[in-house]
Amino acid sequence: MLDKQAQTEIASYVGRLLRDSFGKGPQSIFVSINRPFVVLYLKHFLSPTEKILLHQDQIHSIQSTRDLLMKSLIPEIKAYLLVFAGMKIGEFYYDWGLHNHSGVMVGIESGDDDEPISLESDYTGKEELHREISTISQQVEKKPDEVHSFLINERNLVVIRNGILISIEKELIRIGHEESLRLAKRNLEKSHLHNNGHFQSFLNAKINDVFVDWDFHLDKSVIVFILNPGQ
């Protein structure tokens, strides 16, 4: 674990980076590091322009613009984490909870052979959660080849799915429709994740937020549950 001062420095840097790019940064960023994972949970992150677009139900416009900006920010965040925290980030995921002005970023370190480090932890409700995740995945695409999960701390649970793309999705990616596929999957999967009443009972904790993102070229997805264990 990096100390609190280091986590504060990372939060401050990413906050400035987002403010410079979006015109307004998050009100707060909570950084959790348990190697090989770093999770940044953003709260109260919505610019005045985005607020107007959200009221007009222009969610796709907000997501598309943010995706474009994040393409230039991710290399900077990776470089900072390498220099400041000594973390060589091989994979990077992000997602937004526009309904409550939140967001998440997840970095996963790579090993010496450039393969992501594999790590898993035990926690209450793990088997039930894996089964439910597999069921949801099968409803919207296909059952994952593998499901792994890691409890970063009592408030951050990361779930990794490998082997989730069906043939038509792979073809859409091949012919250049990756961003459209991402927007569609984001809406579809998150509706199932948000409307599922089983997760809280499995984990014995209130779920404040759920995020999901994909690395299509790795045929891999990351889901993040933000938990409130006291409720």
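**Exercise 1. The largest nonpolar core**

Task: In this predicted model, find which residues of the largest nonpolar core touch the most other members, and which elements give two or more residues to this core.

Solution.
Step 1. The largest nonpolar core has 30 residues. Ile10, Leu40 and Met105 touch the most other members.
Step 2. Two or more residues come from each of α1 (4–22), β1 (28–34), β2 (37–43), α3 (59–85) and β3 (89–97). With eight residues, α3 gives the most.
Step 3. Look at the surroundings of Leu40, leaving aside neighbours within four places in sequence. Leu40 is then in contact with Ile10, Val14, Ile29, Phe30, Val31, Gly103, Val104 and Met105.
Step 4. Another core, of 24 residues, lies apart from the largest one. Among its members are Val147, Val159, Leu181 and Leu203.
Step 5. As background, nonpolar side chains in soluble globular proteins tend to be buried together.

**Exercise 2. A sheet of four strands**

Task: Work out in what order the four strands of the open sheet stand, and which are the edge strands.

Solution.
Step 1. The order is β5-β6-β8-β7, with antiparallel pairing.
Step 2. β5 (146–153) and β7 (206–215) each pair on one side only, and these are the edge strands.
Step 3. On average, neighbouring strands of this sheet are turned by 15 degrees against each other, direction ignored.
Step 4. Take one pair in detail: seven bridges link β5 to β6 (residues 156–162) in the antiparallel sense. Phe150 stands opposite Val158 in β6.
Step 5. Now add the helix. α6 (residues 178–194) lies across β6, β7 and β8, and runs at about 150 degrees to β7.

**Exercise 3. Ser221 and its surroundings**

Task: Decide whether Ser221 is buried or exposed, and find which residue's side chain it joins in a polar contact.

Solution.
Step 1. Locate the residue: Ser221 is found in strand β8 (residues 220–228).
Step 2. The relative accessible area of Ser221 is 0%. Buried means under 20%, so Ser221 is buried.
Step 3. The side chains of Ser221 and Arg161 are joined by a polar contact of 2.7 Å.
Step 4. The side chain of Ser221 also reaches a backbone atom, the oxygen of Asp213, at 2.9 Å.
Step 5. List the contacts, again leaving aside neighbours within four places in sequence. Ser221 is in contact with Val159, Ile160, Arg161, Ile164, Val212, Asp213 and Trp214. Both polar partners, Arg161 and Asp213, appear in this list.

Technical notes
Residues are numbered from 1 along each chain as its sequence is written. This is a predicted model: local features need pLDDT of at least 70, side-chain atom pairs count only at pLDDT 80 or more; totals for chains, interfaces and linings use all residues. Side-chain values use heavy atoms; hydrogens and water are left out. A nonpolar core is a set of buried Ala, Val, Leu, Ile, Met, Phe, Trp, Tyr and Cys residues joined through side-chain atoms within 4.5 Å. Buried means under 20% relative accessible area, exposed over 50%, partly exposed in between (1.4 Å probe, protein chains only). Contact means heavy atoms within 4.5 Å. A polar contact is a pair of N or O atoms within 3.5 Å; within protein, one must be able to donate a hydrogen and the other to accept it, and residues adjacent in sequence count only if both atoms are side-chain atoms. Two strands pair if DSSP finds at least two bridges between them. Axes are lines fitted to C-alpha atoms, for helices over the stretch in contact, and angles run from 0 to 180 degrees between N-to-C directions.
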